[in-house]
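Hi there,

Here is the structure I promised to pass on to you. Have a look at it first, and then read on for what turned up in it.

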Amino acid sequence: MDLEAVRTFVAVADAGRFREAAAGLSLTQQAVSKRIAVLEKDLGVRLFTRTARGAQLTVDGRVFLPHARELLRAEERAAASVRPGRRALRVDVIGRGLAPAGLLRDFHRAHPEAQLDVVTHFLDADAAIDAVRAGTIDASFRAVTTPARHLPDGIEAVRVHDEPLQLLTGPAHEFADTRAVTPAALAGHRIWMPGIVTGTEWAAYYEELALTFGLTIDATGPNFGLEPLLDMIADSSALATFVGEGTRFVWPADYDLRRIPVHDPTPVYPHSLIWHGDNPHPQLAALRAYLESAQPGQRDAETWTPKWAQR
């Protein structure tokens, strides 16, 4: 059904005359008559009768009028739902307990009017980039292993947050009571990370970290999730794992787990924001501005990132 014809029908019904409706629509009276004729042909009924007093609705016209008004309201709602600034900004954060989700929470506290749709649908950066290109999401937080010049046309990325790593141990571990540990000191110790998925950007990160410092990062064994991992770490004197400084999780008090900073140098995980350059959503611009202003200043400690880390 032609919605312009429906709009014309409502205008004529409200004005009561074809001439007045035409003036209100900035159309000729002939164009208005033609639209009404096409609509009547599509519906198979007469909507108006012309009298000396103007255009009068027929019985069918009176029945159709409230539905016509609803069609126009539905059209406006549909357009408004995707109008820039009206639709929620859809952002992928990998996991809701990880640092990017914390960055989004901080952004929302600074901009409580912003509508956000936070998703965790994509396994790796390539899938997230494809989703950004397709318009499935507006942005994604990822570690970008591809140089900026090799990103797909239209895709932009900027490094927005360097997240320091921490060593997570149980109370019986050798490093449990240390205030900090160096990467070199971890050589020969088993760092158990069963959640690493081959081919993802975080797998590439930990592979280069292990090669650089001679670490043993063990990704073997089934990944039963976070709670079983914490349970194993809590009871072991030999197992430890890496977590990001901004990773949020809780565990039973009797686990007595320890989060130990890693320094000299501090390995940092390089989170980048990925978006499509022609995305007009105003909250995307606000998020980018917030992330730029919220970046911490230069850290005193020396840091380490992979050679491929997006700048």
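Before we start, one term: helices and strands here are DSSP runs, numbered from the N terminus. With that in hand, H161 can be placed in strand 6. Please keep in mind that this is a predicted model.

Is H161 buried or exposed? Its relative accessibility is 17%, so H161 counts as buried, because buried means under 20%. Leaving aside residues up to four places away in sequence, H161 touches A99, L103, Y269, P270 and H271. Strand 6, which covers residues 155–169, also holds R159. R159 has a relative accessibility of 10%, so R159 counts as buried too. Along the chain, R159 and D264 are 105 residues apart, and their C-alpha atoms are separated by 22 Å.

Next, the helices. How do helix 5 and helix 9 pack? Helix 5 spans residues 99–110 and helix 9 spans residues 282–294; their axes are 11 Å apart, at an angle of about 110 degrees. That makes helix 5 roughly perpendicular to helix 9. If you would like to find the contact yourself, helix 5 brings L103, L104, D106, F107 and A110, while helix 9 brings Q283, A286, L287, Y290 and L291. You have already met L103 as one of the residues that H161 touches.

Now for some backbone features that may catch your eye. As a rule, most residues other than glycine have a negative phi, and most peptide bonds are trans. Which peptide bond is cis? The bond from D264 to P265 is, with omega near -5 degrees. P265 sits in the loop between strand 10 (258–261) and strand 11 (266–276).

S26 has a positive phi, near 60 degrees. You will find S26 in the loop that links helix 2 (18–25) and helix 3 (29–43), and S26 counts as exposed because its relative accessibility is 68%. D256 has a positive phi as well, near 50 degrees. D256 belongs to the loop between strand 9 (240–244) and strand 10. With a relative accessible area of 36%, D256 is partly exposed.

Finally, the surface. M1, L43 and L71 form a nonpolar patch there, and together they have about 260 Å² of accessible area. M1 comes in the segment before helix 1 (3–15). At 59% relative accessibility, M1 counts as exposed.

Enjoy exploring, and write back with any questions!

Best wishes

Methods
Residues numbered from 1 in each chain as written. Predicted model: local features only at pLDDT ≥ 70, side-chain atom pairs only at ≥ 80, totals over all residues. Heavy atoms only, no water. Patch = residues over 30% accessible without salt bridge, like charges linked within 9 Å, V, L, I, M, F, W, Y side chains within 5 Å. Areas by Shrake-Rupley, 256 points an atom, 1.4 Å probe, with all protein chains shown as cover. Salt bridge = Lys/Arg side-chain N within 4 Å of Asp/Glu carboxyl O. Helix = DSSP H or I, 4+ residues; strand = E, 2+ residues; numbered from the N terminus. Buried < 20%, exposed > 50% of the residue type's maximum accessible area, 1.4 Å probe, protein only. Axes fitted to C-alpha atoms, helices over the stretch in contact; angles between N-to-C directions. Parallel < 35°, antiparallel > 145°, perpendicular 65-115°, else oblique. Contact = heavy atoms within 4.5 Å.
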